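Open your viewer and get ready to click along. This tour goes stop by stop, telling you what to select and what you will find there.

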Amino acid sequence: MPLSLLPSFLVYTFVTSITPGPANICSLSAALRYGRRAALRQWRGLFVGYTIVSLCSAFAIWLVGTALIDSVQVLSWIGACYILWLAWHILRSSGTSVSREAAEPRFRTGLLVQLTNVKIMIFCLTVLASYVLPYDGSLAALLKMAVLLPFIGPFYNLIWLFAGAFMQKLFAEHSKAVDRVMAAALAACAVSLVWPH
């Protein structure tokens, strides 16, 4: 990637990573409900899942090139369905008195969220196809960027996680309302994936 594209790359990665998405909202929700420690367990899964998606994207772009971008719409619909399921799950569990241990987020929860997170799939494919492939189509160049990307997205997940941990006591009395807002935010994410731009 030429240095002249660095400002564009940084703005794109910031805006895409800080805006609400399944992983950011799940990080916030986990921290609000269960605290920082449990949310960090889930975050480790988010990081590993992000890394897997990023590396798979690099191999896919290298093997198929930009033709892969055409299949993004199908992935968007699958991802939107999964995000709506997450929203429904948050609403369904809102206000229930399940035991804290049974519902606490785990590593595999974060891993599953990222492995099915179409937002990061599209993000990784877009970065690799737009900022790397036109300038260096080698597998080594794609893998270098793929290794960098997991240190960008999951960093912003941590911001959402620590914001949730900071606000945990504040929102404890309003958990149903917070769950409704988070479910609505997830539903908006799902709609934005498939709504024509």
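Here is a walk from the whole chain to single residues.

**The whole chain**

Keep in mind throughout that this is a predicted model. Start with everything shown as a cartoon: the protein chain has ten helices and zero strands. If you follow the sequence along, the pattern reads α-α-α-α-α-α-α-α-α-α. Now colour by burial, and you will find that buried residues account for 44% of the 197 residues in the protein chain. Contacts also reach far along the sequence: of those between residues at least 6 apart, 90% join residues at least 24 apart.

**Two helices that cross**

Next, select residues 36–64, which are helix 3, together with residues 107–115, which are helix 6. At what angle do their axes cross? The crossing is at roughly 35°, and the axes come within 6 Å of each other. Turn the view until one helix lies in front of the other; helix 3 passes helix 6 in a right-handed crossing.

Now add side chains where the two helices meet. On helix 3, the residues to show include Arg 41, Leu 46, Gly 49, Tyr 50 and Val 53. On helix 6, their partners include Phe 107, Leu 111, Val 113 and Gln 114. The residues of this contact divide into nine nonpolar, six polar and two charged.

**A close look at Gln 114**

Stay in helix 6 and centre on Gln 114. Is Gln 114 buried or exposed? Gln 114 has a relative accessible area of 0%, so this residue counts as buried. Leaving aside residues up to four places away in sequence, Gln 114 touches Leu 46, Gly 49, Tyr 50 and Val 53, along with Ala 23, Ile 120 and Asn 157. Show these as sticks to see what surrounds the glutamine side chain.

**Aromatic rings**

Now highlight the aromatic side chains; the structure holds four aromatic pairs. One of them joins Phe 47 and Phe 151, an edge-to-face pair with 5.4 Å from centre to centre and 65° between the planes. This pair links distant parts of the chain: Phe 47 sits in helix 3, while Phe 151 lies in the loop between helix 8 (139–148) and helix 9 (153–171), 104 residues apart. Switch on the surface and compare the partners. Phe 47 is partly exposed, at a relative accessible area of 22%, whereas Phe 151 is exposed, at 56%.

Then move to Phe 155 and Tyr 156, whose ring centres are 5.2 Å apart with planes at 80°, so this pair is edge-to-face as well. Phe 155 is partly exposed at 44% relative accessibility, but Tyr 156 is buried at 14%. Add Phe 14 to your selection, and you have one aromatic cluster made of Phe 14, Phe 155 and Tyr 156.

**The cysteines**

For the last stop, select the cysteines. How many disulfides are there? The count comes to zero. Why does Cys 124 have no bonded partner? The closest cysteine sulfur, in Cys 56, is 9.9 Å from the sulfur of Cys 124, which is too far for a bond, because a disulfide needs the two sulfur atoms within 2.5 Å. Cys 124 is buried, with a relative accessibility of 0%. Finish at Cys 26, which also counts as buried, at 10%.

Notes
Residues numbered from 1 in each chain as written. Predicted model: local features only at pLDDT ≥ 70, side-chain atom pairs only at ≥ 80, totals over all residues. Heavy atoms only, no water. Axes fitted to C-alpha atoms, helices over the stretch in contact; angles between N-to-C directions. Helix = DSSP H or I, 4+ residues; strand = E, 2+ residues; numbered from the N terminus. Left-handed = near helix turned anticlockwise from the far one by under 90°. Contact = heavy atoms within 4.5 Å. Nonpolar A, V, L, I, M, F, W, Y, C, P; charged D, E, K, R; others polar. Phe/Tyr/Trp six-rings, centres within 6.5 Å; stacked < 30°, edge-to-face > 60°. Buried < 20%, exposed > 50% of the residue type's maximum accessible area, 1.4 Å probe, protein only.
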